[in-house]
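Please look through the sequence and the model below before reading on. The paragraphs that follow lead from the overall make-up of one chain to a single residue, and then to the other chain and the interface.

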Amino acid sequence: MKKRTLINIILIVSALAIAFIIGRDFVVNRQGKQLENPYELDLKQFAQVNPEEILYAETKAIQLNINEAYALSIFSDTMYVVADSTLLLVNQEGQILKSFQLSVPATAIAVNQSIWLALKNRIINLNKDGDVLKEWADLGPRSVLTSLAVDDQSVFAADAGNRVVYQFSKLGELKQKLGERDEQKGLEGFTVPSPYFDVALSEDGFLWAVNPGTHSLINFNVDGSLRTYWSKSSANTAGFSGCCNPAHMCIATQDKFITSEKGIVRVKVYDQHGEYQGVVAAPDQFDEYSLAPDVCVDNQGRIVLLDFNRKQIRFFEAKNKEL
Amino acid sequence: MKKRLIKLTLLIFFICLAVTSFAQQQRFPKPEFETGYVQPPTQQPLPRALFLEYLDVIVLIGALILVSWFLLKKRSRQGVLWTSVFSLLYFGFYREGCICAIGSIQNVALAIFDPTYTLPLTALLFFLIPLITALFAGRTFCAGVCPLGAIQDLVAFKPIELPRWLQKVLGLIPYVYLSLAVLYAATRSEFLICRYDPFVGFFRFDGTFQMLLLGGLFLLVGVFVARPYCRFFCPYGVLLGWMSSFSKKHVTITPSTCIQCKLCSNSCPFGAIEEPLLEEGKRRSNVNRLMTYLILIPIWMGIGGLSGSMLHGTLAKFNKTVYLAEMLVQNPDIRFNQENIDARTFMQKGKTMDELVVDAQKIKSQFYWGGWIAGAFMGLVVGLVLVNLSSYRRRNDYEPDRTNCLSCGRCVDYCPVK
């Protein structure tokens with residue numbers, strides 16, 4: 001009799017528990033009710049950086065009186081900032097030396113003896129007084145130019161729309177397309193999920209391009225074949241994460257790579273072999289939901305960031321001067 | 001020669017499996033973060049090659065034929081038991097509980113009410129084949145093919161008999177569940193049966209804590225109350241019961257003359273064996289009672305339909321569009337709350353509030369009419385239960401209740417008449 005009573009108690013408690021679980025789940029986890037995203041990866045843990053890994057300190061910031069910033073380049077002691085529909089020439093003290101009106105906002109800039117601007121799908125060349133020297137034909141409606149790099153003979157343009165890097169002569173003649181899928185050249189093609197696609201030239205004149213979808217940087221021979229590459233895919237500080245990183249990149253002395261990432265916004269430095277060296281600017285040094293800053297290196301070896309959210313040019317110097 | 005043929009067949013089968021696993025590899029594998037990130041459990045397993053889906057149908061047909069043969073020809077409980085173990089391994093653990101005849105109710109309901117939904121042929125076959133089989137051989141699907149039934153059958157160690165009245169009351173739950181499952185599927189709100197499948201977490205070795213707990217509780221209850229999910233929850237069991245009532249051939253307890261030893265009745269853990277019955281009371285009053293209950297059926301249906309329609313507002317709140325619309329109308333500022341994933345998704349779609357409200361009203365209207373139909377159906381069920389209780393059918397021997405008998409074959413095993 002006692003046994004039967006015990007069984008009855010077990011059954012009643014279990015039945016109530018079943019009814020409670022189903023009823024509670026049905027009401028609490030109802031369709032459309034705001035729930036925790038079960039697929040969410042909490043990125044906060046990766047935004048933490050060991051202070052010992054931060055090799056640079058912010059030394060100066062120049063506030064720009066602009067609405068939108070787009071790109072930054074440095075030549076000699078002058079900084080060239082594309083902002084709104086203008087090109088600003090700014091000195092180290094933050095004084096605006098010159099300002100040129102542009103027909104449309106530029107998406108990328110490179111400067112040597114003259115100024116090269118990408119206007120979404122075409123390239124124009126200005127002299128330092130803002131006069132248009134050359135204006136090349138557009139590259140079609142699909143083209144989205146996101147980065148430029150220039151040397152004495154060529155202009156390299158990264159096209160996120162067509163997922164290719166163009167090499168033009170200074171006269172606008174297309175020499176070759178770099179990075180298209182080509183098994184003979186060992187190239188699997190660029191993966192560019194969003195308009196973040198950067199290029200830069202190394203000290204010895206070889207082109208490096210970011211392959212953001214695979215978190216890698218690719219180095220090309222002169223003939224467009226694969227020279228070398230390196231890749232770091234990880235959400236940890238030493239790697240790149242998300243759909244498309246690094247978003248921006250430049251090359252400093254000794255072919256060190258300075259990279260800027262979106263998502264977990266941070267700027268880092270890698271050696272010439274792609275080995276992680278340390279952090280220039282940690283995520284907590286940017287606003288929440290910030291964009292990846294554009295990166296450059298000036299003559300003094302300082303790393304210069306164009307902070308799109310704060311609309312500032314920010315300078316970072318190595319804590320250890322030997323770096 | 002035969003052995004060679006079997007070996008060859010098995011070899012081809014496993015090669016096919018291997019080839020398919022290559023073919024379905026994702027082009028881009030799941031993102032692998034070096035972070036210990038764990039993919040949350042999903043309701044559905046990964047899709048597989050079409051021919052393997054047809055293989056599932058063939059296995060289903062094969063298992064149904066085998067169980068029917070064991071029951072009707074061989075009268076072997078052992079055969080049914082081992083087939084159910086196979087089904088548990090194949091449809092449960094290998095196929096991870098999907099595709100499933102029980103869940104296919106929702107696919108069929110959705111296909112009927114939503115012309116944009118394409119019903120997979122395999123889902124239709126999984127829905128129809130066990131029902132057609134039940135029409136000829138009783139609930140052989142429940143006996144040895146359903147993995148949910150099999151897992152419960154294996155833990156029914158100490159079954160007790162529940163009072164008849166309690167069985168009747170609990171036996172109404174599957175009808176409510178069926179009504180709600182069809183209503184929510186037809187309004188594109190939710191696949192309730194899949195969401196509350198208590199054993200799928202075990203089959204996939206994966207599941208939220210509360211779903212594993214739910215499965216564990218069902219199994220705990222199943223130790224004392226045999227197959228509680230099948231008897232008091234399963235909505236597909238309702239349809240199978242109807243079909244089985246008209247089955248051409250149903251398992252019989254004894255192959256010849258019943259000696260009325262009552263062993264079968266004691267052996268049945270489901271209380272699905274009806275005892276010999278003689279008419280009690282006066283015939284005229286019995287007939288009068290039956291007629292009264294028959295006349296009351298439309299009234300039950302009306303009351304049920306009205307109640308269902310009155311509940312439409314509450315029921316519709318569990319539709320995500322209705323819920324979102326009501327939430328945003330009451331608190332328009334939520335639209336701009338980046339933390340609210342539903343509001344953010346709505347804003348990104350580019351729809352206006354007016355369009356959302358119109359959509360929500362349309363769905364509420366569907367719930368209104370669906371509530372009427374579901375309520376009327378429940379009223380009909382209650383009315384028929386009362387009619388069934390008051391109708392007299394003379395029985396001289398112990399016979400299985402064709403509607404509720406799960407054709408497990410235990411009674412066959414216990415019957416001393418061979």
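Helices and strands are here taken as DSSP runs, with H or I over at least four residues for a helix and E over at least two for a strand, and they are numbered from the N terminus. The model is a predicted one, and by this assignment chain B comes to 21 helices and 2 strands. Of the 418 residues of chain B, 39% count as buried, and 84% of the contacts in chain B with a separation of 6 or more are made by residues 24 or more positions apart.

One position in chain B shows such long-range packing in detail. B:R227 is found in the loop between α12 (209–224) and α13 (228–232) of chain B. Is this arginine, B:R227, buried or exposed? A residue counts as buried if 20 or more other C-beta atoms lie within 10 Å of its own, and B:R227 has 28 other C-beta atoms within 10 Å, so it is buried. Beyond its neighbours within four places in sequence, B:R227 is in contact with B:G149, B:Q152, B:D153, B:A156, B:G222, B:F270 and B:L406. For B:D153, which lies 74 residues away from B:R227 along the chain, the separation of the C-alpha atoms is 6.1 Å.

The nonpolar interior can be followed next. The largest nonpolar core has 85 residues, and B:V67 and B:A181 are those with the most contacts inside it. Helix α9 (residues 173–186) of chain B gives the largest share of this core, 8 residues, and the core draws at least three residues from each of domain 1 (50–278 + 399–414) and domain 2 (283–390) of chain B. A second, separate core of 83 residues includes A:I74, A:I109, A:A160 and A:A209.

Chain A also offers a run of strands to trace. Strand β7 (residues 115–118) and strand β8 (residues 123–126) of chain A pair in the antiparallel sense over 4 bridges, with A:A118 standing opposite A:I123. These two strands, β7(A) and β8(A), form a hairpin with 4 residues between them, and A:K120 in the turn has a positive phi of about 60 degrees. β8(A) is in turn joined by 3 bridges to the antiparallel strand β9 (residues 132–135) of chain A, where A:V132 is the bridge partner of A:L126. The hairpin of β8(A) and β9(A) has 5 residues between the strands, with A:G130 in the turn at a positive phi of about 90 degrees.

Finally, the two chains meet where 22 residues of chain A are in contact with 27 residues of chain B. The side of chain A that touches chain B divides into 11 nonpolar, 8 polar and 3 charged residues.

Notes: Residues are numbered from 1 along each chain as its sequence is written. Chains are lettered from A and ligands numbered from 1 in the order in which they are written. This is a predicted model: local features need pLDDT of at least 70, side-chain atom pairs count only at pLDDT 80 or more; totals for chains, interfaces and linings use all residues. Two residues are in contact if their C-beta atoms, placed from the backbone, lie within 7 Å. Ala, Val, Leu, Ile, Met, Phe, Trp, Tyr, Cys and Pro count as nonpolar, Asp, Glu, Lys and Arg as charged, and the others, Gly among them, as polar. A residue is buried if 20 or more other C-beta atoms lie within 10 Å of its own, exposed if 12 or fewer, and partly exposed in between; C-beta atoms are placed from the backbone. Two strands pair if DSSP finds at least two bridges between them. A nonpolar core is a set of buried Ala, Val, Leu, Ile, Met, Phe, Trp, Tyr and Cys residues joined through C-beta atoms within 7 Å. Domain bounds come from an automatic or database domain assignment.
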